[in-house]
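Me: I am a first-year student, and I would like a close look at a single part of this model. Please take the sheet, and explain each term as you reach it.

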Amino acid sequence: MSPQTAASPQPVRALTVRQPWAAAIAYAGKNIENRVQRWSYRGPVLIHAGATIDRAARKHPPMTAVIRGLQLEQRAVIAVARIADCHADDGECTPWSLPGHNHYVLQDVTPLSLPVPHERGRLGLWFPPAELVARVRLQLDVTAAARLFGEEAV
């Protein structure tokens, strides 16, 4: 393995999440993302608030406290997190868990102080352009970047 390959960081992924679910991840301690699909990816992920607002989300009990008073940014990266694990539905592991879904465990959730606009996303995992990742990194301190992206803090 060449030194360049050994030092190459893991590619960052992005995940588009409909509002108000994205805001719940960024600001309300929602540390489980529910998806029907199963991915092998574990690592840093940009939380991209999609263009669509899920009106049915207000029926989910913890959501009513979250959406009150929040500005629901759309078409922007609003946080960075790390997908640490995934498990199949095992009952209600958190108040945010949905039955019949895979529960992706999010750790080190770090909201951005300013949303980073990005018009296009998709509801699965996707590779964000390098320019978008660079704009997000500008808002992270050295310690947060090291924790999220597996780099050494300098």
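Reply: The account below follows the sheet from strand to strand, and then turns to what surrounds it.

The model is predicted, so local features need a pLDDT of at least 70 and side-chain atom pairs count only at pLDDT 80 or more, while totals for chains, interfaces and linings use all residues. Residues are numbered from 1 along each chain as its sequence is written, and side-chain values use heavy atoms, with hydrogens and water left out.

Two terms are needed at the start. Helices (H or I, at least four residues) and strands (E, at least two) are DSSP runs, numbered from the N terminus, and two strands are said to pair if DSSP finds at least two bridges between them. In general, strands of a sheet pair through backbone hydrogen bonds, and they do this in either a parallel or an antiparallel way.

The sheet here is open and has six strands, which follow one another in the order β2-β5-β4-β3-β1-β6 with mixed pairing. Its edges are β2 (32–35) and β6 (125–126), each of which pairs on one side only. Beginning at the β2 edge, we find that β2 and β5 (residues 102–117) are antiparallel to each other, with four bridges between them; Ile32, for instance, has Val105 in β5 as its bridge partner.

Two helices pack on this sheet. Helix α4 (residues 130–137) touches β3 (43–53), β4 (76–88), β5 and β6, and its direction makes about 80° with that of β5. Helix α5 (residues 142–149) touches β3, β4 and β5, and the angle between its direction and that of β4 is about 35°. For these angles, which run from 0 to 180 degrees between N-to-C directions, axes are lines fitted to C-alpha atoms, for helices over the stretch in contact, and contact means heavy atoms within 4.5 Å.

Now consider β3, which pairs with β1 (residues 13–19) in the parallel sense over six bridges, whereas its pairing with β4 is antiparallel and has seven bridges. Ala14 has Leu46 of β3 as its bridge partner, and Pro44 is matched in a bridge with Arg82 of β4. To say how enclosed a residue is, we call it buried under 20% relative accessible area, exposed over 50%, and partly exposed in between (1.4 Å probe, protein chains only). Eight of the 11 residues of β3 are buried, so this strand is largely enclosed by the rest of the structure.

The idea of a nonpolar core builds on burial: a core is a set of buried Ala, Val, Leu, Ile, Met, Phe, Trp, Tyr and Cys residues joined through side-chain atoms within 4.5 Å. The largest one has 24 residues, and Val17, Val45, Ile47, Met63, Ile83 and Leu125 have the most contacts inside it. At least two of its residues come from each of β1, α2 (21–27), β3, α3, β4 and β5. A second, separate core has 16 residues, including Val12, Val80, Val116 and Val133. Setting aside neighbours within four places in sequence, Met63 is in contact with Pro20, Trp21, Ala24, Ala57, Arg58 and Trp96.

Charged side chains also link parts of the sheet. A salt bridge is a side-chain nitrogen of Lys or Arg within 4 Å of a carboxyl oxygen of Asp or Glu, and five of them are found in the whole structure. One of them joins Asp108 and Arg82, with N and O 2.8 Å apart; the pair connects distant parts of the chain, since Asp108 is in strand β5 and Arg82 in strand β4, 26 residues apart. Arg82 is partly exposed, with a relative accessible area of 23%, and Asp108, also partly exposed, has a relative accessibility of 23%.

Another salt bridge lies within helix α4, where Arg135 and Glu131 are four residues apart, about one turn of the helix, and their closest N and O atoms are 3.0 Å apart. Both are partly exposed, Arg135 at 32% and Glu131 at 46%. Elsewhere, Lys30, Glu33 and Arg35 are joined into one network by salt bridges that share partners. Within it, the closest N and O atoms of Lys30 and Glu33 are 2.8 Å apart, and these two residues are buried, with relative accessibilities of 1% for Lys30 and 5% for Glu33.
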